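Reader: I'm new to this one and I keep tripping over the labels. Could you walk me through the reasoning behind them?

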Amino acid sequence: MSSLIEGWFPPSRENYELLLRYWQLGYPIVGSMQWLVKWYGMGKTSVSSRLNIPGRLAWMTMECPGFLTLLYVMNTLPRRAGIDDLPWQNRVLGGLFVMHYAYRAVLFPLMQPSMSPIHVGVWSLAIGFQLCNALCISSWLSAYGPTTADGWSSASPLPQFIAGIGIFYLGLSSNFFHDEELREIRRREQRRQDRIRQQAGGKAGGGNASVEKHYQIPQAGLFRYMLYPHYLSEWIEWFGFYVAAGWGCAPARAFVVNEIFSMLPRAVNGKKWYVDRFGEEKIGKKWAIIPGVW
């Protein structure tokens, strides 16, 4: 096992470049395969299967490997590369990555009133996504990107770095706001179901009354104009990260591109689900995720 891990955790420069090449060219093909199917192995378009994993367990175990890998690589690779101390920019970007996934991987599933089961195939692909992405970004931050003040001056001057951080926080706050709107819809539904059960429990034989699922079209914030603003918000986050890292940061650029290839098909298929569920007239002119385009 150690021989398999050697050179990959953390990656040698040769393995880093090989992985980055696949990450930039191979994953968009994998993500594009979602256009060929109408379902996704979690959420509204998921299907019942014996291969489904409980939502919270699946989500945490498929999202945590990303930031844990980044922490490990950033604590081991610099020493192996002969780097005594990383510039503050490297640490800030690493911190932003960990902060996002501390919310996304840990707090998000714990805050959800409920989570749909996730198919083991989607779970496996998500782990692969997290590992490839984290290895590429952490390797760049640890040794294979700018590691001196002069390197950062040419890669991302301070005004550009600050602007990128601002864009990141704009996307992060928008992401949380729209996630919270979806959570509040579920909380209201949970309260509604509790009231129905209490009322039914007061009647003879009503204690086991079942309640059908209830769906709503979100309306707050950017939900007025599109159905998946939380996806768009995440793209904005990582575009800001890319701006801060500098236009030459191939791992950050690949992350933005691969998120789009991964999430755009889900949003478009999700809009079809909304139209089938509520009708074209109730969806109106809402876009799936990109105003004026899709």
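Reader: Let me start with a cysteine. Why is Cys136 called buried?

Author: Buried means under 20% relative accessible area. Cys136 comes out at 0% relative accessibility, so it counts as buried. Keep in mind that this is a predicted model.

Reader: And what makes Cys132 buried or exposed?

Author: Again the cut-off is 20%. Cys132 has a relative accessible area of 15%, so it is buried.

Reader: How do you know that Cys132 and Cys136 are not bonded to each other?

Author: For a disulfide, the two sulfur atoms have to be within 2.5 Å. The closest cysteine sulfur to that of Cys132 is in Cys136, 6.6 Å away, and that is too far for a bond. Cys136 is in no disulfide either. A search of the whole structure turns up 0 disulfides.

Reader: Now the helices. What makes α6 "largely enclosed"?

Author: Helix α6 covers residues 120-144. Of its 25 residues, 18 are buried, so the rest of the structure largely encloses it. From its first C-alpha to its last it reaches 34 Å, close to the 36 Å expected at 1.5 Å a residue.

Reader: Why are α5 and α6 called roughly antiparallel?

Author: Look at the angle. The axes of α5 (residues 88-111) and α6 cross at roughly 160° and come within 10 Å. Angles over 145 degrees count as roughly antiparallel, so that is what α5 is to α6. The crossing is left-handed.

Reader: Which residues make that contact?

Author: On the α5 side they are Asn90, Leu93, Gly94, Phe97 and Tyr101. On the α6 side they are Gln130, Asn133, Ala134, Ile137 and Leu141.

Reader: What does Glu63 touch, apart from residues up to four places away in sequence?

Author: Glu63 touches Tyr101, Arg104, Ala105 and Gln130. Two of those names came up a moment ago: Tyr101 of α5 and Gln130 of α6. Glu63 itself is found in helix α4, residues 55-80.

Reader: Why does Glu63 count as buried?

Author: Its relative accessible area is 9%, and the limit is 20%, so Glu63 is buried. For a sense of distance, Glu63 and Arg197 are 35 Å apart, C-alpha to C-alpha, with their places 134 residues apart in sequence.

Reader: How do you know that the length of α9 agrees with what a helix should span?

Author: Helix α9 runs over residues 229-245, and at 1.5 Å a residue its 17 residues should span 24 Å. The end C-alpha atoms are 24 Å apart, so the two agree. α9 is also mostly covered, with 15 of its 17 residues buried. After α9 comes Gly246, with a positive phi near 110°.

Reader: What is Leu51 in contact with, leaving aside its neighbours within four places?

Author: Ile118, His119 and Val120. Leu51 sits in the loop between α3 (27-32) and β1 (52-53). Along the chain Leu51 and Ile118 are 67 residues apart, yet 8.4 Å separates their C-alpha atoms.

Reader: How many helices and strands are there in the protein?

Author: It has 11 helices and 2 strands, in the order α-α-α-β-α-α-β-α-α-α-α-α-α. The C-alpha trace spans about 75 × 45 × 35 Å along its principal axes, and 49% of the 294 residues count as buried. Among contacts between residues at least 6 apart in sequence, 83% join residues at least 24 apart.

Notes. Residues numbered from 1 in each chain as written. Predicted model: local features only at pLDDT ≥ 70, side-chain atom pairs only at ≥ 80, totals over all residues. Heavy atoms only, no water. Helix = DSSP H or I, 4+ residues; strand = E, 2+ residues; numbered from the N terminus. Expected span 1.5 Å × (residues − 1). Buried < 20%, exposed > 50% of the residue type's maximum accessible area, 1.4 Å probe, protein only. Axes fitted to C-alpha atoms, helices over the stretch in contact; angles between N-to-C directions. Parallel < 35°, antiparallel > 145°, perpendicular 65-115°, else oblique. Left-handed = near helix turned anticlockwise from the far one by under 90°. Contact = heavy atoms within 4.5 Å.
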